[in-house]
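User: I would like to go through the assignments made for this model and the criteria behind them. Please set each value against its definition.

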Amino acid sequence: MALFDGLAQELVVEEFYKMALHDYTSGTSLEVLEANIKLYEELELYLPCAGIHRSVEEIKKLEAIMSGVDTMIYNETLIDKITEVEEDERGDN
């Protein structure tokens, strides 16, 4: 018999996800969050792992997006990219 039913499992994952996001926004590094995943894995506590892993993956995606946006703005190509998308949507190519 499982310690948690399906709904309780989802709640545990969600809680650790939120806590990891909070920790990150409070200054905890991705490296520390990833070390926490390993710690929970060693303890065979996989629900916390899943929640923290989800937050780490989302943070990495957002950082990649923000890095790309910063680069585009820095290189003054944002307007060019928007124009290209609009032309593609209109079928001007």
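Analyst: We may begin with one pair: Lys-60 and Glu-34 meet through their side chains in a salt bridge, at 2.7 Å from N to O. The model is a predicted one, in which local features need pLDDT of at least 70 and side-chain atom pairs count only at pLDDT 80 or more, while totals for chains, interfaces and linings use all residues. Residues are numbered from 1 along each chain as its sequence is written, and side-chain values use heavy atoms, with hydrogens and water left out.

User: Why is the contact between Lys-60 and Glu-34 called a salt bridge?

Analyst: The term requires a side-chain nitrogen of Lys or Arg within 4 Å of a carboxyl oxygen of Asp or Glu. For Lys-60 and Glu-34 the N to O value is 2.7 Å, so the criterion is met. In general, side chains of opposite charge can pair when their charged atoms come close.

User: What does the pair of Lys-60 and Glu-34 tie together?

Analyst: Lys-60 lies in helix H3 and Glu-34 in helix H2 (residues 30–42), so the salt bridge joins parts that are 26 residues apart in sequence. Helices here are DSSP runs of H or I with at least four residues, strands are runs of E with at least two, and both are numbered from the N terminus.

User: How do you know whether Lys-60 and Glu-34 are buried, partly exposed or exposed?

Analyst: Buried means under 20% relative accessible area, exposed means over 50%, and partly exposed lies in between (1.4 Å probe, protein chains only). Lys-60 has 36% and is therefore partly exposed; Glu-34 has 27% and is likewise partly exposed.

User: What makes Glu-14, Arg-54 and Glu-58 a network?

Analyst: These residues are linked by salt bridges. Arg-54 pairs with Glu-14, the closest N and O atoms being 2.8 Å apart. Since Arg-54 is in helix H3 (residues 46–74) and Glu-14 in helix H1 (residues 6–25), this pair connects parts 40 residues apart in sequence. Arg-54 also pairs with Glu-58, with closest N and O atoms 3.5 Å apart. Glu-58 and Arg-54 both lie in helix H3, four residues apart, about one turn of the helix. The whole structure contains three salt bridges.

User: Which accessibility class applies to Arg-54, and which to Glu-14 and Glu-58?

Analyst: Arg-54, at 32%, is partly exposed. Glu-14 is partly exposed at 26%, and Glu-58 is partly exposed at 30%.

User: Why is Val-13 called buried or exposed, and what is it in contact with?

Analyst: Val-13 has 18% relative accessibility and therefore counts as buried. Val-13 lies in helix H1. Leaving aside neighbours within four places in sequence, Val-13 is in contact (heavy atoms within 4.5 Å) with Leu-47, Ala-50 and Gly-51. Val-13 and Pro-48 are 35 residues apart in sequence and 5.7 Å apart in space, C-alpha to C-alpha.

User: What makes Leu-62, Ile-65, Met-66 and Val-69 a nonpolar patch?

Analyst: Patches are made of residues with over 30% relative accessible area and no salt bridge; nonpolar side chains (Val, Leu, Ile, Met, Phe, Trp, Tyr) are joined within 5 Å, and like charges within 9 Å. Leu-62, Ile-65, Met-66 and Val-69 make such a patch of about 370 Å², with areas from the Shrake-Rupley method and a 1.4 Å probe, only the protein chains shown counting as cover for residues. Ile-65, in helix H3, has 51% relative accessibility and so counts as exposed.

User: How many helices and strands does the protein have?

Analyst: The protein has four helices and zero strands.
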